[in-house]
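User: I have a model open and would like to go through it step by step. Can we start with the ligand and then turn to the cysteines?

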Amino acid sequence: MAEVAAQPYPYRFEPRSTALLVIDMQRDFVEPGGFGEALGNDVGRLSAIVPTVRALLDWARRHAITVLHTREGHRPDLADCPPAKQRRGDPALRIGAKGPMGRILVDGEPGNDIVPALAPLAGEPVIVKPGKGAFWATPLDEMLRWRGVTHLILAGVTTEVCVQTTMREANDRGYDCLLIEDATESYFPEFKRATLDMVRAQGAIVGWTAPFATLRASL
Ligand code: C5J
């Protein structure tokens, strides 16, 4: 049993029943010239975590920890996109519209690919999700349970949207979740700070947080 000096108290996990879930490190959110930047965001905040996420992936692979990735992406016909989601925002930058890296948040478009430095290896499932949470309308829960996973280590973007939503979904399903502080990021630093505070409040009400170096020291 490994023990991480996490907040708000130590997080314990067995590597064989733990999975690393890397959320939405897709080009459109992270790279200059993509959808995230077209919305007026500073994507440099997100691209800055790529080396840490890569080190986290390498660490998990070295320790035979199950690795899964997600992308927020819809079918090309948008049949899986709730109209209420599709109607949001500037019509020129809506889901399915032609964006700087292909159709926005559509599976198969260049902008929907995971950034090359974090490309999934053969055998690492990629969950393409139509929602912010990775459990909604996806087979993620079954895939984790079939693999005997009870503990989740989370990384990716954005902290307060897809990462936090997924962490809350996982917590409600009975997974013990650890969010890696320097392997997640938001376009809004105050939202990231608030999310980290929120999830670990009240005795880890949603889960634990720790920097990657602290996790690395546990194994
Ligand atoms: C957003 C995400 N922010 N991956 N998606 O729309 O957090």
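Here are some questions and answers on the ligand site and the cysteines.

Analyst: This is a predicted model, in which local features need pLDDT of at least 70, side-chain atom pairs count only at pLDDT 80 or more, and totals for chains, interfaces and linings use all residues. Residues are numbered from 1 along each chain as its sequence is written, and side-chain values use heavy atoms, leaving out hydrogens and water.

User: Which residues are around the ligand?

Analyst: A residue is near a molecule if one of its heavy atoms lies within 4 Å of it. The shell divides into four nonpolar, one polar and three charged residues. Its members are Asp24, Phe29, Glu72, Lys132, Val157, Thr158, Val161 and Cys162.

User: Which residue has a side-chain N or O atom 2.9 Å from an oxygen atom of the ligand?

Analyst: A polar contact here is a pair of N or O atoms within 3.5 Å. The side chain of Asp24 comes to 2.7 Å, but from a nitrogen atom of the ligand. Val157 uses a backbone N or O atom, 3.1 Å from a ligand nitrogen. The oxygen atom of the ligand pairs with the side chain of Thr158.

User: How many disulfides are there, and why is Cys177 not bonded to Cys162?

Analyst: A disulfide is a pair of cysteine sulfur atoms within 2.5 Å. Cys162 holds the closest cysteine sulfur to that of Cys177, but it is 15 Å away, so it is too far for a bond. The count of disulfides is zero.

User: Is Cys177 buried or exposed?

Analyst: Buried means under 20% relative accessible area, exposed over 50%, and partly exposed in between, with a 1.4 Å probe and protein chains only. Cys177 has a relative accessible area of 0%, so it is buried.

Conventions. Polar contact = N/O pair within 3.5 Å; in protein donor to acceptor, adjacent residues only side chain to side chain. Nonpolar A, V, L, I, M, F, W, Y, C, P; charged D, E, K, R; others polar.
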